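Thanks for passing this one along. Please have the fold open as you read, since my comments go from the overall chain down to a single side chain.

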Amino acid sequence: MPVTRGFHRRRPEPERGRLPPGQYDTGSSWPVLSAEATPQQPAESWTLSVDGLVESPHTWSWSELHAFPGSTFFGDIHCVTTWSKFDVTFSGVSVDDLLEVARPSDDAEFVMAHSVTGYTTNLPLADVTGGKAWVVWSFDGEPLARQHGGPLRLLVPHLYFWKSAKWVSRLELMAEDRPGFWEQNGYHDRGDPWREQRYQGD
């Protein structure tokens, strides 16, 4: 799929201090952007695995994921296509809690998030630990909608939203970085919105 830099539109004046450069406030809307077809697998049959460079590879069922202490994010999200959405609430389980069970090896430095669709995206391990990332199943108190990644998506809100993989089913820990789907197609390896890391070389 080709990468287009032409995400141009007339934007309202940015809200100082909250909008990263080049972003606009999408207000009450939440644009739907996907690189693949929306899966219809029932939530009750969903599993999530953490494997790769871990001491205790583990796969959790849907009910086992919900048995973890709940964790909620409240804040803002930012898409590489230039929209930002303020004051959103997602609930699920912290990636830190999952990794506490799986116990990353000392040489684990990166994570590849895998979706049931085959979509992948790569992240430094430091960007999904220390209270920075979740796997989530609810949005504003309701089950996360399918078109937005339900029943389960990764949430890494401090990075552009393509890093928050929809329909996540596996977190693979790695010693070396390797590009995921959009990264192979020209997107930045990390995707920090405050540094406008949209494309390779930014």
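Here are my points, in order.

1. A reminder to start with: this is a predicted model. The values below are computed from that model, so please read them in that light.

2. On the fold, I count eleven strands along with three helices. From the N terminus onward the order is β-β-β-α-β-β-α-β-β-β-β-β-β-α. With a radius of gyration of 16 Å, close to the 17 Å from the globule rule for 202 residues, the chain is as compact as a globular protein of that length. Along the principal axes, its C-alpha atoms fill a box of roughly 50 × 35 × 30 Å.

3. On packing, 49% of the 202 residues count as buried. Take the contacts between residues at least 6 apart in sequence: 69% of them join residues at least 24 apart.

4. Which residues have the most contacts inside the largest nonpolar core? They are Val50, Phe90, Leu98, Leu152 and Leu154, within a set of 53 residues. Strand β8 (residues 134-139) gives this core its largest share, five residues.

5. Leu152 is a nice place to zoom in. Leaving aside residues up to four places away in sequence, Leu152 touches Trp46, Leu48, Trp62, Leu65, Val135, Val136, Trp137, Lys166, Trp167 and Val168.

6. Finally, the surface. The chain exposes about 9500 Å², with 50% supplied by carbon and sulfur atoms. Its charged side chains comprise 27 negative and 18 positive ones, and the centres of these two sets are 9 Å apart.

How values were computed:
Residues numbered from 1 in each chain as written. Predicted model: local features only at pLDDT ≥ 70, side-chain atom pairs only at ≥ 80, totals over all residues. Heavy atoms only, no water. Helix = DSSP H or I, 4+ residues; strand = E, 2+ residues; numbered from the N terminus. Rg over C-alpha atoms; globule rule 2.2 N^0.38 Å. Buried < 20%, exposed > 50% of the residue type's maximum accessible area, 1.4 Å probe, protein only. Contact = heavy atoms within 4.5 Å. Areas by Shrake-Rupley, 256 points an atom, 1.4 Å probe, with all protein chains shown as cover. Lys, Arg positive; Asp, Glu negative; His and termini not counted. Charge placed at Lys NZ, Arg CZ, Asp CG, Glu CD. Core = buried A, V, L, I, M, F, W, Y, C linked by side-chain atoms within 4.5 Å.
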